[in-house]
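Biologist: Please take me through this structure in short questions and answers. I would like to begin with the ligand.

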Amino acid sequence: MKKIKVGVVGLGHRGRHMANLAKRAFEFVDFVAACDIDPELWHEKQWLQDDSMKNKHPGTKFYNDYVKMLDENQFDFILVETGADVHADFCIKALNRDINVFSDIPSVANLTEAKLLWEAEQKSQGKLMTGANPNEWGFINAMVDLYQKGLLGEPYYMEAEYIHCSRPGSITHKELNKNSPWRKSLPPIRYCTHSLGPLLRILEEDLRYAICLGTGAHIDPDSERDDMMSALFQTESGVTIRLLRNGACRAFIGHHSYRVFGTKGYFERIDSRGTTPPVTRFNSTELYGAENLTVLPIDMMPQEYSDNPHAAGHGGADYALLDHMFQAFLRKEDFPISLKDGLRMTLPGIYAAESARRKGVKLTIHYPWETEFDADIREFDLS
Ligand SMILES: NC(=O)c1ccc[n+]([C@@H]2O[C@H](COP(=O)([O-])OP(=O)(O)OC[C@H]3O[C@@H](n4cnc5c(N)ncnc54)[C@H](O)[C@@H]3O)[C@@H](O)[C@H]2O)c1
């Protein structure tokens, strides 16, 4: 079988993990080249790794110049694993060479990037897969299945929270923040794709309006970021989503929770609270015996991968992402989480951050496939 030629840019902990997983778990992957501006990351055994990237991958070429890496090699895929606010330019450069892209989230950092990336993909023979791993979780697949079978009816109100605390001084905190300027400066609400992505799977409409407020920094007054940001989004028909995101906080609780209020049922996934494990529950007027809240025996692992020894990392979702992407590529099908999906879950966070900057003004969200988007670029990015 012809090998799929893969390169990675960004060898932080996520880039190393995804490149190692692609190489280890898919025998058809040829890990051609890797790039990071910090050569220490090629040579040193890093956090959670059994060896340095150079030693683990003797056949892989290492670069500190991305364009040189693209110029000197042939690729089917580039994994873009640079910081959360610097993805688009790397993706565009690969798409301009007709190379497929796996872009980690969020997809873009501003509206101009969204337009340029959208246009680059339209012109390219390559396509972009959005690395939205929560969309792959088992309990999210269950939620989508309940919706598609009509057991939830139509959602009219949904909630999500992503509360990610790490203890200052802990090894996790130290290692995650070492080379990550974005972890200290990105407005938390812009890291919204883990929360909105799964909910948008059961929403036919795009989000149209955003209102957001931030608390300011109380825990560390030197911080540039709000400790907590809370956004309300709404579609044109009135479906409303509330999203809570944190910068700093002292709540050491499970990270991801979701609630869906539908016309015929209710779904919730409440993450762990201390010794109480995560729970997935639903009720429905449409299923005999499920009128009362009923526990669903499903966790993060997508059940089709539960026996797969490679299905590690975020509850099997990282493997599922790569598997679905490579299978689509081999079958010449569209990627299951497209650039459009990525922008639908990323742009509301950019509008929400702007709403918070303007003290909670309600903003109308547009997308690069809409004519009004250019006026927003002029107002947001160029004023
Ligand atoms: N989906 C998930 O569950 C998940 C989890 C963690 C991180 N992420 C995302 O993955 C991405 C990477 O996260 P991370 O924690 O590894 O971040 P990180 O900031 O630790 O790593 C980014 C790396 O990119 C490198 N880089 C920056 N500019 C470069 C350039 N011009 N050329 C080459 N390399 C360059 C940096 O040196 C750094 O090593 C982020 O976008 C983040 O949002 C996703």
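Biologist: How many residues surround the ligand?
Modeller: This is a predicted model, and a residue is counted when one of its heavy atoms lies within 4 Å of the ligand. The closest are D36, H87, I105, N133 and S180. The shell as a whole has 27 residues.

Biologist: By class, which residues make up the shell around the ligand?
Modeller: Two helices, α1 (13–25) and α9 (181–185), each supply at least two residues of the shell. By class, the shell has five charged, ten nonpolar and twelve polar residues.

Biologist: What distance separates a polar side-chain atom of W182 from an oxygen atom of the ligand?
Modeller: A pair of N or O atoms is a polar contact within 3.5 Å. Backbone N or O atoms of two residues fall inside that limit: I37 lies 3.4 Å from a ligand nitrogen atom, and I105 lies 2.8 Å from a ligand oxygen atom. For the polar side-chain atom of W182, the distance to a ligand oxygen atom is 2.9 Å.

Biologist: What share of the ligand's accessible area does the protein cover?
Modeller: On its own, the ligand has 860 Å² of accessible area. The share covered by the protein is 89%.

Biologist: Where does the ligand lie with respect to the domains?
Modeller: The chain is divided into domain 1 (4–133 + 315–335) and domain 2 (138–302 + 347–357). Both domains give residues to the shell, so the ligand lies between domain 1 and domain 2.

Biologist: Which three residues supply 33% of the area that domain 1 buries against domain 2?
Modeller: The centres of the two domains, taken over C-alpha atoms, are 26 Å apart, and the contact takes 19 residues from domain 1 and 19 residues from domain 2. The area buried between them is about 1500 Å², with 70% given by carbon and sulfur atoms. On the domain 1 side, the three residues that supply 33%, more than any other three, are W47, L111 and G315.

Biologist: Is the peptide bond from I105 to P106 cis or trans?
Modeller: P106 is in the loop between β5 (100–103) and α6 (111–123). Omega for the bond from I105 to P106 is near -10°. The bond is cis.

Biologist: What is the phi of D98?
Modeller: D98 sits in the loop between α5 (88–95) and β5. This residue is not a glycine, yet its phi is positive, at about 65°.

Notes. Residues are numbered from 1 along each chain as its sequence is written. This is a predicted model: local features need pLDDT of at least 70, side-chain atom pairs count only at pLDDT 80 or more; totals for chains, interfaces and linings use all residues. Side-chain values use heavy atoms; hydrogens and water are left out. A polar contact is a pair of N or O atoms within 3.5 Å; within protein, one must be able to donate a hydrogen and the other to accept it, and residues adjacent in sequence count only if both atoms are side-chain atoms. Accessible areas come from the Shrake-Rupley method with a 1.4 Å probe; for residues, only the protein chains shown count as cover. Helices (H or I, at least four residues) and strands (E, at least two) are DSSP runs, numbered from the N terminus. Ala, Val, Leu, Ile, Met, Phe, Trp, Tyr, Cys and Pro count as nonpolar, Asp, Glu, Lys and Arg as charged, and the others, Gly among them, as polar. Domain bounds come from an automatic or database domain assignment. Contact means heavy atoms within 4.5 Å. Buried area is the accessible area (1.4 Å probe) that two parts lose on being put together, summed over both.
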